[in-house]
Amino acid sequence: MTRKTYRSAALFLLAAALVVLPVGAQAEMYVEAYLGGTFAATQSFNYGATPTANLVYNVGVPGNFDPAVVGGLKIGTWFVKEGFLGFNYPNWMKYLGFYLDFSYHRLNLRHQNARYQEIYLGAYNQGVLDFSTEGHAATLAFMFAGRYGFFPDSEVPFGRLQPYVAVGPALLFTSQKPRFSFSSYTGPWFTDDQDLHGDSAVLLALAVEAGLRWMALKNVSIDASFKYRYAQPSFSYTIDPGPNNFFLARHSMTMDQPYHLFSFQLGAAYHF
């Protein structure tokens, strides 16, 4: 990720936190740190060159993302009867809440091989493409949650065991730096090995989460959750084969694919 992307994510998180934090002790607030693993569904990457090249090709590359470690931070509150920002909500509002969720992980696409059809001087031939990327994903989600309590006692009247579900929009800060090797079956006259500059994007995404929280102490809880995120980025790159590859002109490449990201995480939270 670029420094500008990190700065944008930090500003969003700070601004949103300033909205939540003034409730102070009037609401049931918590801060949680978590760690887990993430993986993505197999994708088909649309890899294509513009027709400005002597070789015109378009191929769907089967993409398998590498599993990665994900870490994050939640800042949230439940709308208890004491009130959120001074409002005297009815008692049933204690089942509802809101939290900010910021997470980060790597998003690398492992090496894939794909065959494609090329058009050279009007003739159809076959080629092979070796493709991989290095990438990152940082997500700032605005989650609206619902919960229910089991096993209440004098220390935790709402219930020590609290399953919850949440859904909300998110901002996904993502980047991809592709590397590919392109070889033609028409002969050994063209082989390209490109390590391109990365492209980044800020996207509107959807986040859904389900979890189970256990109040180990009055102010400390353990949280296990499953999260799903969806976004559809599009990256563009310019390819310059260089002076030795005179059969192929300078052209552009696009990489379009949906993200279906899944993660499991364990966290610990402090409530105040």
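Does Phe 151 count as buried or exposed, and at what relative accessibility? Keep that question in mind while you look over the whole chain, and come to Phe 151 at the last stop.

**Before you select anything**

The model is predicted, and local features need pLDDT of at least 70, side-chain atom pairs count only at pLDDT 80 or more, while totals for chains, interfaces and linings use all residues. Residues are numbered from 1 along each chain as its sequence is written, and side-chain values use heavy atoms, with hydrogens and water left out.

**The whole chain**

Show the chain as a cartoon, and you will find one helix and 14 strands, where helices (H or I, at least four residues) and strands (E, at least two) are DSSP runs, numbered from the N terminus. Of the 272 residues, 47% count as buried, buried meaning under 20% relative accessible area, exposed over 50%, and partly exposed in between, with a 1.4 Å probe and protein chains only. Among contacts (heavy atoms within 4.5 Å) between residues at least 6 apart in sequence, 74% join residues at least 24 apart.

**The cavity**

Next, select Thr 38, Phe 39, Ala 40, Phe 65, Asp 66, Ala 68, His 105, Arg 106 and Leu 107, which line the largest cavity. A cavity is a set of points, on a 1 Å grid over the protein atoms alone, where a 1.4 Å probe fits but cannot get out, and its lining residues have an atom within 4 Å of a point. The volume of this cavity is about 30 Å³, a volume being the space filled by probe spheres set on the points, which are joined across faces, edges and corners. If you colour by strand, β1 (28–40) and β5 (96–106) each supply at least two lining residues, and the largest share, three residues, comes from β1.

**Thr 133**

Now move to strand β7 (residues 123–147), and select Thr 133 within that strand. Thr 133 counts as buried because its relative accessibility is 4%. Add Gln 176 to the selection, since the side chains of Thr 133 and Gln 176 are joined by a polar contact of 2.6 Å, that is, a pair of N or O atoms within 3.5 Å, where within protein one must be able to donate a hydrogen and the other to accept it, and residues adjacent in sequence count only if both atoms are side-chain atoms. Not counting residues up to four places away in sequence, Thr 133 also touches others, including Leu 107, Asn 108 and Met 255.

**Phe 151**

Finally, follow the chain into the loop between β7 and β8 (161–184), where Phe 151 has its place. Phe 151 counts as exposed because its relative accessibility is 55%. Its phi is near 60 degrees, a positive value in a residue other than glycine.

Key: On a 1 Å grid over the protein atoms alone, a cavity is a set of points where a 1.4 Å probe fits but cannot get out, and a pocket is an open set with protein on both sides within 12 Å along at least five of seven lines; lining residues have an atom within 4 Å of a point.
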